[in-house]
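Q: Could you walk me through how to read this structure, one feature at a time?
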Amino acid sequence: MVFYFTGTGNSRYIAEIISKRLDDDIVSLNEKIKQNDYSEIHSDRPIVFVFPIYAWQMPHIVRDFIKKVKFSGTKKVYFIATCGAESGNAVHFIKNLCYEKHLHFMGIMTIKMPENYIALFSTPSKEKAAEIVSAAKPKAVKAAGYILTERSLPCEKLIFIDIAKSSFINKFFYNHIISDEKFFSKDSCIGCGKCVQVCPTNNITLENNRPVWNGNCTHCMACISFCPVEAIEYGKATEKKRRYYIKDGEIH
Ligand SMILES: Cc1cc2nc3c(=O)[nH]c(=O)nc-3n(C[C@H](O)[C@H](O)[C@H](O)COP(=O)(O)O)c2cc1C
């Protein structure tokens, strides 16, 4: 069973490739979290989690989902992290999580995908994004090969600074950077509710046909990236920046 969490579709894209290769079910954690569904998960085949890296760790929203849910059947769990550059020491926290949940850690594979964090950085051009996505595909296929044969994924290299990034900086990031206070919609907003629909935390409501962010944001960038008329901004940081999302294998 392949579970994915995604903001802009990168992790879903990778999850789709893996689930097809495994001929196994694919499940959206966004939908499960949105519906407050923390019911027991049973699988006799290995479980795969695909997610983006947030501040050199698994997103806390994914970690908390795994913590809350009871797993039965297999104990084997694989982790596939998509990221714009690198995943730091995410592996350390994931191994601890597996230990806590009595799950058997089968490894983590980091796959570079287009940067999506437009609140802080720029996203690549459409051409560059396409290049990155096509380079990612064989890595996903390779990961699926390991999972199919139930072998552990190869260890990834760590450097000393990764430890600080995934611990202190991650803490700082969650305490001081993640906030929805800077999101706003421009007058070009058409009140379509796409932002409401794609928000995994049900954090957005429409008031007078305009989105309002209600303080439970995880900075996944779905609202800003999926807006069909690019009416959402994050302070001045996102002005004139290219937005993208990936759906059905296409970069939009
Ligand atoms: C809140 C946030 C934090 C991020 N932190 C990192 C990071 O620490 N390292 C990195 O390489 N990419 C980072 N990224 C980029 C994403 O991990 C990357 O673009 C990922 O493929 C997005 O996947 P998604 O479309 O499935 O959400 C971050 C993105 C967001 C939104």
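Q: How does Asn-116 approach the ligand, and at what distance from an oxygen atom?
A: A good habit is to ask which part of the residue makes the approach, backbone or side chain. In this predicted model, a backbone N or O atom of Asn-116 lies 3.1 Å from an oxygen atom of the ligand. Taken alone, the ligand exposes 660 Å², and the protein buries 96% of that.

Q: Where does the ligand sit, and which elements give two or more residues to the shell around it?
A: Look at the site and then at the elements that build the shell. The ligand sits in the largest pocket. Helix H1 (10-22) and strand S6 (76-83) are the elements that give two or more residues to the shell.

Q: How many residues surround the ligand, and which are the closest?
A: Happily, the list is easy to check on screen. The ligand is surrounded by 24 residues, and the closest are Thr-6, Gly-7, Thr-8, Ser-11 and Ala-85. For Thr-8, a polar side-chain atom lies 2.5 Å from an oxygen atom of the ligand. Ala-55 takes part through its backbone, with an N or O atom 3.0 Å from a nitrogen atom of the ligand.

Q: Let's stay with Ala-55. What is the sign of its phi?
A: Here is the general idea: most residues other than glycine have a negative phi. Ala-55 has a positive phi, near 50 degrees. Its place is the loop between strand S4 (47-52) and helix H3 (60-68).

Q: Is Ala-55 buried or exposed?
A: The value to compare is the relative accessible area, with under 20% as the cut-off for buried. Ala-55 has 15% relative accessibility, so this residue counts as buried.

Q: Which side chain reaches the backbone oxygen of Ala-55?
A: For this one, follow the side chains that point back to the loop. The side chain of Asn-170 reaches that oxygen at 2.9 Å. Asn-170 lies in helix H6 (residues 160-177), and Asn-170 is buried because its relative accessibility is 2%. Setting aside neighbours within four places in sequence, Asn-170 is in contact with Tyr-54, Ala-55, Gln-57, His-60 and Lys-165.

Q: Which other residue has a positive phi although it is not a glycine, and where is its place?
A: Try Asn-36, with a positive phi of about 55 degrees. Its place is in the loop between helix H2 (29-34) and strand S3 (41-43). Asn-36 is exposed, with a relative accessible area of 58%, whereas Ala-55 counts as buried.

Q: How should I read Glu-233: is this residue buried or exposed?
A: For a charged side chain, check the accessibility and then look for a partner. Glu-233 has a relative accessible area of 3%, so this residue is buried. Glu-233 lies in strand S11 (residues 232-234). A polar contact of 3.0 Å joins its side chain to that of Arg-243. Leaving aside neighbours within four places in sequence, the contacts of Glu-233 include Phe-183, Phe-184 and Ile-224, as well as Lys-182 and Lys-186.

Q: And Glu-127, is that one buried or exposed?
A: Glu-127 counts as exposed, at 59% relative accessibility. This residue lies in helix H5 (residues 126-148). From Glu-127 to Ala-15 there are 112 residues in sequence and 22 Å in space, C-alpha to C-alpha.

Q: What does Asp-24 reach with its side chain?
A: Here, look toward the start of the chain. The side chain of Asp-24 reaches the backbone nitrogen of Met-1 at 2.4 Å. Asp-24 is in the loop between H1 and strand S2 (26-28), and is buried, with a relative accessible area of 17%. Beyond neighbours within four places in sequence, Asp-24 is in contact with Met-1, Ser-19, Arg-45 and Pro-46. The C-alpha atoms of Asp-24 and Ile-47, which are 23 residues apart along the chain, are separated by 9.8 Å.

Q: How far is Tyr-4 from Val-27?
A: Compare the separation along the chain with the separation in space. Tyr-4 and Val-27 are 23 residues apart along the chain, and their C-alpha atoms are separated by 6.5 Å. Tyr-4 lies in strand S1 (residues 2-4) and is buried, with a relative accessible area of 10%. Leaving aside neighbours within four places in sequence, Tyr-4 is in contact with residues including Ser-11, Arg-12, Ala-15, Val-27 and Val-50.

Methods: Residues numbered from 1 in each chain as written. Predicted model: local features only at pLDDT ≥ 70, side-chain atom pairs only at ≥ 80, totals over all residues. Heavy atoms only, no water. Helix = DSSP H or I, 4+ residues; strand = E, 2+ residues; numbered from the N terminus. Buried < 20%, exposed > 50% of the residue type's maximum accessible area, 1.4 Å probe, protein only. Polar contact = N/O pair within 3.5 Å; in protein donor to acceptor, adjacent residues only side chain to side chain. Contact = heavy atoms within 4.5 Å. Near = heavy atom within 4 Å. Areas by Shrake-Rupley, 256 points an atom, 1.4 Å probe, with all protein chains shown as cover. 1 Å grid on protein atoms, 1.4 Å probe; cavity = no way out; pocket = protein on both sides within 12 Å on 5 of 7 lines; lining within 4 Å. Sits in = over half its atoms within 2 Å of the grid points.
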